[in-house]
Amino acid sequence: MSDIDELLRRSMAAPVPRLSPDFHRSVSRKLQRKSRSSTRILLAGYAGVSMIVSIVLMRNQGLGWLPIAALTLGPLAALALVQKSARRVR
Amino acid sequence: MTTDSQLVGRAQSGDQDAFAELLRRHSDAVFRLALSILGQGFAAEAEDIAQEVFLKVHRTLPTFRGDAEVGSWIYRIAFNQAVNWKTRARYRKPHLNDASLADAATSQAGPDVLAETGERDRFLAECIETLPEVYQSALRLHYWLGASMAEVAALLDVPENTAKSYLHRARPLLDVMLRQKGYSYV
């Protein structure tokens with residue numbers, strides 16, 4: 001059986017590939033991206049649910065649609081403005 | 001030195017450095033295992049599989065209860081992932097890499113000898129593809145990647161004697177196939 005052993009050794013002799021040097025960094029980057037996107041989904045879900053709850057509560061308190069819209073969309077608009085100006089500074 | 005189980009415990013409670021250490025410890029072995037299943041010419045694919053394996057390990061880390069060795073658990077995921085990839089790819093032909101082209105160009109043997117040995121090697125590679133996955137993997141790990149029997153056993157998650165038996169059973173099978181086709185071992 002040493003013949004086949006020798007043949008296998010010879011026929012399989014080829015350079016052994018190595019992992020690329022940035023393999024670890026690329027896995028870490030993918031993991032970060034994944035955890036960032038799941039955090040974003042969680043935050044968006046939380047924001048959505050709280051918005052619905054506050055609209056329902058404000059409506060039950062007898063507030064009209066205009067103040068409800070102002071109170072709900074006002075903070076969102078302020079947040080968007082802050083984000084925009086922060087991006088401009090960067 | 002911190003053990004793998006301690007690292008898993010820390011990673012389970014959100015320590016990213018512990019996970020990075022696990023990745024550093026096992027990435028080469030996972031890559032070699034994937035290579036041994038896919039075969040020569042699939043280094044890029046083996047690296048993709050190694051990445052997928054560690055993303056899966058990270059995702060399923062909270063469910064790991066420590067019933068098995070951490071290494072065995074990771075290698076089992078790697079083995080299944082690579083075999084699934086291979087099944088999906090339906091044995092696509094590997095590309096010739098630059099090194100093998102250079103080897104062929106600088107060989108001292110005559111063209112007829114080269115043609116015969118090349119044909120025999122191709123046939124041998126085809127025969128290996130017909131063997132069970134664990135035999136193929138054990139053969140490539142040992143003969144191509146130069147792994148010791150202890151390493152083959154660890155990567156395939158079997159006792160060392162079982163790993164040896166894979167080679168003992170694979171070799172006569174290949175021997176018979178080559179002889180039936182009329183190839184000599186010169």
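In the predicted model, the elements of chain A follow the order α-α-α from the N terminus. The secondary structure of this chain thus amounts to 3 helices and 0 strands. The overall dimensions of chain A depart from those of a compact globule: its radius of gyration is 29 Å, whereas a compact globule of 90 residues would have a value near 12 Å. Along the principal axes, the C-alpha atoms of chain A occupy a box of roughly 90 × 35 × 15 Å. Of the 90 residues in chain A, 4% are buried.

Chain A is in contact with chain B through 22 residues of chain A and 29 residues of chain B. On the chain B side, two or more residues each are contributed by helix H2 (16-38), helix H3 (43-60), helix H5 (98-106), helix H6 (111-130), helix H7 (133-144) and helix H9 (160-181). The side of chain B that touches chain A comprises 17 nonpolar, 5 polar and 7 charged residues.

Chain B is assigned two domains, domain 1 (4-89) and domain 2 (98-181). Their contact involves 13 residues from domain 1 of chain B and 9 residues from domain 2 of chain B. On the domain 1 side, H2 and helix H4 (70-89) of chain B each provide at least two residues. H2(B) accounts for the largest share of this side, with 6 residues. Helix H2 (16-38) of chain B is also among the elements that give two or more residues to the side touching chain A. By class, the side of domain 1 of chain B that touches domain 2 of chain B consists of 6 nonpolar, 5 polar and 2 charged residues.

Two of the helices listed for the side of chain B that touches chain A, H7 and H9, also pack against each other, at an angle of about 100° and with their axes 9 Å apart. Because angles of 65 to 115 degrees count as roughly perpendicular, H7(B) is classed as roughly perpendicular to H9(B). From H7(B), the contact is formed by Val134(B), Tyr135(B), Ala138(B), Leu139(B) and His142(B). The residues supplied by H9(B) are Ala163(B), Tyr166(B), Leu167(B), Arg169(B) and Ala170(B). The contact of H7(B) with H9(B) contains 8 nonpolar, 1 polar and 1 charged residues. With the classes applied here, His counts as polar and Arg as charged, so the polar residue of this contact is His142(B) and the charged residue is Arg169(B).

Key. Residues are numbered from 1 along each chain as its sequence is written. Chains are lettered from A and ligands numbered from 1 in the order in which they are written. This is a predicted model: local features need pLDDT of at least 70, side-chain atom pairs count only at pLDDT 80 or more; totals for chains, interfaces and linings use all residues. Two residues are in contact if their C-beta atoms, placed from the backbone, lie within 7 Å. Helices (H or I, at least four residues) and strands (E, at least two) are DSSP runs, numbered from the N terminus. The radius of gyration is taken over C-alpha atoms; the globule rule is 2.2 Å times the number of residues to the power 0.38. A residue is buried if 20 or more other C-beta atoms lie within 10 Å of its own, exposed if 12 or fewer, and partly exposed in between; C-beta atoms are placed from the backbone. Axes are lines fitted to C-alpha atoms, for helices over the stretch in contact, and angles run from 0 to 180 degrees between N-to-C directions. Angles under 35 degrees count as roughly parallel, over 145 as roughly antiparallel, 65 to 115 as roughly perpendicular and the rest as oblique. Domain bounds come from an automatic or database domain assignment.
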